[in-house]
Structure formats: C-alpha cells, structure tokens
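Me: I would like to learn how to read the core and a helix in a model. Please take me through one case.

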Amino acid sequence: MEYKAIGLVETNSVAKGIHAADDMLKTSDVELIMARPVCPGKYLAMISGDVGSVQNSVEAGENCAGEFVADTFIIANVHESIFPAINCANQILNMRALGIIETFSVASCILASDAAAKSADVDLIELRCATGLAGKSFITLTGDIGSVDAAVSAGMDAIESKGLIHSFAVIPAPSYELHQWLV
C-alpha cells in the first residue's frame with residue numbers, strides 16, 4: 001500500500017516511545033514505517049496512511065508520551081526521495097555542489113529534507129536519523145549551486161521556528177576524495 005502522508009513522534013524515552021508507537025498503531029488504520037531507538041536514548045515511531053489517520057495517530061502518540069515528546073511532524077504529501085534517503089538508497093552518480101543541514105531532532109531534519117527536495121532540483125544523498133550522532137540528524141544533498149543554495153534555504157526556513165537547527169553548509173565544488181565518503 002502506498003501512502004503520501006507520514007507522521008513521526010520522537011521521544012526522549014525509549015519506554016514511552018514504544019508505548020506511544022503502540023497507541024499510534026491502535027488508534028488509526030496506519031502502517032508502521034519505522035520504530036526504533038536512536039542516540040541518545042530517544043525513540044522514533046513513524047507511520048503512514050491517509051492524512052486524517054496519520055493526524056489521529058500522531059496525536060495519540062503525543063498524548064501517550066506526554067512530557068517525553070521531543071518532536072513530531074505530519075507531512076501530508078511527502079516527497080518521494082525521503083524514504084530512499086533515510087535508507088541511504090539514493091544512487092548519486094555525479095556529485096555537484098553539496099548542501100548539508102544539521103538539526104537537533106530527527107523530526108526537524110525530515111521536515112527540512114522534505115522542504116528542500118520540494119523547493120529545487122536537487123538529489124538527496126542521505127538523511128541520517130540520529131544514529132551515532134548524539135541525537136542530532138543531518139541531510140546531505142547535491143545539485144547545481146543555485147539549486148543547492150535554494151534547497152538549503154528552504155529546508156532551514158521550514159524548521160527555523162522550531163529552533164532545532166544546529167548548523168548548515170553549502171560547498172560549491174566538494175573534493176573528489178570527499179565524494180566517496182558521502183555516497
């Protein structure tokens with residue numbers, strides 16, 4: 001089943017995260033996309049389905065986790081390149097300009113990635129979800145310099161109000177040696 005809407009509840013407690021994921025699945029007819037602990041003791045529960053079901057499910061997860069909610073999102077029409085980027089499955093044959101957005105939460109990083117991918121002609125390379133990063137997340141993307149600038153700006157604008165931006169960079173022409181470590 002292919003859905004366009006996704007939602008995520010990110011908690012700063014593994015126990016509350018698992019409990020929230022269970023409530024999310026029991027509340028609405030949604031599909032579980034991801035349920036796992038990440039650094040530093042956070043838990044991610046991502047679901048997909050129709051918009052109304054995803055909204056109800058995320059609300060149930062937020063209510064269950066309460067004060068342990070670190071961040072959440074609902075994206076009604078997620079960009080098709082988000083899931084391959086989460087799984088490091090986007091094949092990038094030609095590294096052009098490189099953009100990086102680093103955030104303090106997984107939810108904010110996915111929101112920034114979706115906005116970036118929708119705003120300009122860029123290829124998402126990787127969306128790293130807090131694994132081995134002390135809870136931070138980052139997205140890498142490539143394209144021509146104008147598109148990368150526009151995409152990074154759009155991604156930053158999408159999450160600026162949350163206050164969860166750690167840093168960003170745009171590299172017009174990354175070295176060839178670096179390329180092999182990014183794709």
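Reply: What follows treats the nonpolar core and then one helix. This is a predicted model: local features need pLDDT of at least 70, side-chain atom pairs count only at pLDDT 80 or more, and totals for chains, interfaces and linings use all residues. Residues are numbered from 1 along each chain as its sequence is written, and side-chain values use heavy atoms, with hydrogens and water left out.

Me: Which residues touch the most other members of the largest nonpolar core?

Reply: In soluble globular proteins, nonpolar side chains tend to be buried together. A nonpolar core is a set of buried Ala, Val, Leu, Ile, Met, Phe, Trp, Tyr and Cys residues joined through side-chain atoms within 4.5 Å; buried means under 20% relative accessible area, with a 1.4 Å probe and protein chains only. Here the largest core has 33 residues, and L8, M46, F73, I86, I110 and L127 touch the most other members. Helix α4 (residues 106–119) gives the largest share, seven residues; helices are DSSP runs of H or I, at least four residues, numbered from the N terminus.

Me: Which residues of α2 are buried?

Reply: They are S53, V54, S57, V58, A60, G61, C64 and A65. Seen down the axis of α2, these buried residues fall within an arc of 160°, so they line one face of the helix; the arc is that of the directions from the helix axis to the C-beta atoms.

Me: What lies at the two ends of α2?

Reply: D50 caps the N-terminal end, with a side-chain oxygen 3.2 Å from the backbone nitrogen of G52. Just after α2, G66 takes a positive phi of about 55°.

How values were computed. Buried < 20%, exposed > 50% of the residue type's maximum accessible area, 1.4 Å probe, protein only. Polar contact = N/O pair within 3.5 Å; in protein donor to acceptor, adjacent residues only side chain to side chain.
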